[in-house]
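Here is a walk through a model for someone who hasn't met it before. Have a look at the picture first, then read on.

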Amino acid sequence: QVQFVESGGGLVQPGGSLRLSCIASGFTLNGYMVGWFRRAPGKEREGISSITTDNIVTNYATSVKGRFTISRDNAKNVVYLQMNNLKPEDSAVYYCARVDPVGKPYGSWGQGTQVTVSS
């Protein structure tokens, strides 16, 4: 079964950091672009970052640029999202998915991981 498993979320104070992991299950991640997305209560899903297959080109939404870093380890079949200087508005459920060259997600989604930024 092809799916993603996200982990690493939690409760953190403003200014804190978290590292999310996205592990591919049932298929080899190598060869696919991957993106991170988030959905906050009452809001539309937001694409926040993506990475090419060769770990060279990365893209970030304006809202997270300079604070979040996406990376991947194809040998471990995992994509990471390092989140620094977290803000309350970063609170959301975070998901990963395969994306096309323009960042549009396709295929299956995981359950997501909850990130809550609060003092």
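A search of the whole structure turns up one disulfide, counted when a pair of cysteine sulfur atoms lies within 2.5 Å. A disulfide is a covalent bond between the sulfur atoms of two cysteines. Here the partners are cysteine 22 and cysteine 96, with their sulfur atoms 2.0 Å apart. The link of cysteine 22 and cysteine 96 is right-handed, with 80 degrees about the S-S bond. Cysteine 22 sits in strand 3 and cysteine 96 in strand 9 (residues 92-99), so the pair ties together parts that are 74 residues apart in sequence. Cysteine 22 and cysteine 96 are both buried; buried means under 20% relative accessible area, exposed means over 50%, and partly exposed is in between, using a 1.4 Å probe and protein chains only.

A word on the background: this is a predicted model, where local features need pLDDT of at least 70 and side-chain atom pairs count only at pLDDT 80 or more, while totals for chains, interfaces and linings use all residues. Residues are numbered from 1 along each chain as its sequence is written, and side-chain values use heavy atoms, with hydrogens and water left out.

Now for the strands. They are DSSP runs of E with at least two residues, numbered from the N terminus, and two of them pair if DSSP finds at least two bridges between them. Four strands make an open sheet in the order 1-3-8-7, with antiparallel pairing. At the edges are strand 1 (3-7) and strand 7 (68-73), each pairing on one side only. From one strand to the next, the twist averages 20 degrees; the angles run from 0 to 180 degrees between N-to-C directions, with axes fitted as lines to C-alpha atoms.

Which strands are joined, and by how many bridges? The table lists some antiparallel pairs, each with one example of bridge partners.

| Strand pair | Bridges | Example partners |
|---|---|---|
| Strand 3 (residues 18-25) and strand 8 (residues 78-83) | Six | Leucine 18 and methionine 83 |
| Strand 4 (residues 33-39) and strand 5 (residues 46-51) | Five | Glycine 35 and serine 50 |
| Strand 5 and strand 6 (residues 58-60) | Three | Serine 50 and asparagine 59 |
| Strand 7 and strand 8 | Six | Threonine 69 and glutamine 82 |

Some of these pairs are hairpins. Strand 4 and strand 5 form one with six residues between them, and glycine 42 in its turn has a positive phi of about 80 degrees. Strand 5 and strand 6 make a hairpin too, with six residues between them and asparagine 55 in the turn at a positive phi of about 65 degrees. In the hairpin of strand 7 and strand 8, four residues lie between the strands, and asparagine 77 in the turn has a positive phi of about 60 degrees.

Most residues other than glycine have a negative phi. Asparagine 77, in the loop between strand 7 and strand 8, is buried, with a relative accessible area of 14%. Asparagine 85 also has a positive phi, near 50 degrees. Asparagine 85 belongs to the loop between strand 8 and strand 9 and is partly exposed at 43% relative accessibility.

Back to strand 7: which of its side chains are buried? In a regular strand the side chains alternate between the two faces of the sheet. Along strand 7, Phe68, Ile70 and Arg72 point to one face and are buried, whereas Thr69, Ser71 and Asp73 point to the other and are not. Next door in strand 8 is tyrosine 80, which is buried with a relative accessible area of 15%.

Finally, what lines the largest pocket? A pocket is an open set of points on a 1 Å grid over the protein atoms alone, where a 1.4 Å probe fits, with protein on both sides within 12 Å along at least five of seven lines; lining residues have an atom within 4 Å of a point. The lining is made up of Arg38, Ala40, Lys43, Glu44, Glu46, Ser63, Arg67, Lys87, Glu89 and Asp90. By class, that gives one nonpolar, one polar and eight charged residues, where Asp, Glu, Lys and Arg count as charged, Ala, Val, Leu, Ile, Met, Phe, Trp, Tyr, Cys and Pro as nonpolar, and the others, Gly among them, as polar. The space in the largest pocket is about 150 Å³, a volume being the space filled by probe spheres set on the grid points, which are joined across faces, edges and corners.
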